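Me: Could you take a close look at one part of this model with me? I'd like to go through how its strands pair up, and then see how a couple of helices pack.

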Amino acid sequence: MRAFREAVEAQDMDAVEALLAEDVVFTSPVVFKPYPGKAITAAILHAVARVFEDFRYEREIGDPDGTDHALVFRARVGDRELTGCDFIHVDEEGLIDDLMVMVRPLSGAQALQEAMAAQFETIAKEAEVRIG
């Protein structure tokens, strides 16, 4: 999904948020339970943008006109390098209604989990503000 990739690469998280459907479901690489809804998903993505360093997409997989996309990325969290993939599904309106992220290796996932846990209060507050 070109628009999502370009927004993330430009660190334009407001543009990323505009691409999310109200009923989007975010599946984290480090938390078992999915997060339903645009407000919490946007807050999580804003936090991820604060946590990831040297983020870059390396590959895009899928039909550009299709509904399923995979974006392979590399990033760093502290001193841990990680590789990951954003699996994206878009609805009939072209908005993201499913976003699942996977990362490797385990040490990178653990560093990500620790960094995101430190963002938890901010994420909760940002989600509340978005809900209104």
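Which residue in S6 is the bridge partner of Phe87?

Reply: Happy to! Keep in mind that this is a predicted model. The bridge partner of Phe87 is Met100 in S6. That pair belongs to the strand pairing of S5 (residues 80–90) with S6, which is antiparallel and runs over 8 bridges. The two strands form a hairpin, with 5 residues between them. In the turn sits Gly94, whose phi is positive, about 85°.

S6 also has a second neighbour to look at. Strand S1 (residues 20–27) is joined by 4 bridges to S6 (residues 96–104), and these two run parallel. Here Val25 is the residue that stands opposite Asp98 of S6. S6 thus pairs in the antiparallel sense with S5 and runs parallel to S1.

Now for the helices. H3 (residues 38–51) packs with H5 (residues 120–131) at an angle of about 140°, and their axes are 8 Å apart. Because of that angle, H3 is oblique to H5. Their crossing is right-handed. On the H3 side, the residues in contact are Ala39, Ile40, Ala42, Ala43, Ile44, His46, Ala47 and Arg50. From H5 they meet Thr122, Ile123, Glu126, Ala127, Arg130 and Ile131. Sorted by type, the residues of this contact between H3 and H5 comprise 9 nonpolar, 2 polar and 3 charged.

Note on methods. Residues numbered from 1 in each chain as written. Predicted model: local features only at pLDDT ≥ 70, side-chain atom pairs only at ≥ 80, totals over all residues. Heavy atoms only, no water. Pairing = 2+ DSSP bridges. Axes fitted to C-alpha atoms, helices over the stretch in contact; angles between N-to-C directions. Parallel < 35°, antiparallel > 145°, perpendicular 65-115°, else oblique. Left-handed = near helix turned anticlockwise from the far one by under 90°. Contact = heavy atoms within 4.5 Å. Nonpolar A, V, L, I, M, F, W, Y, C, P; charged D, E, K, R; others polar.
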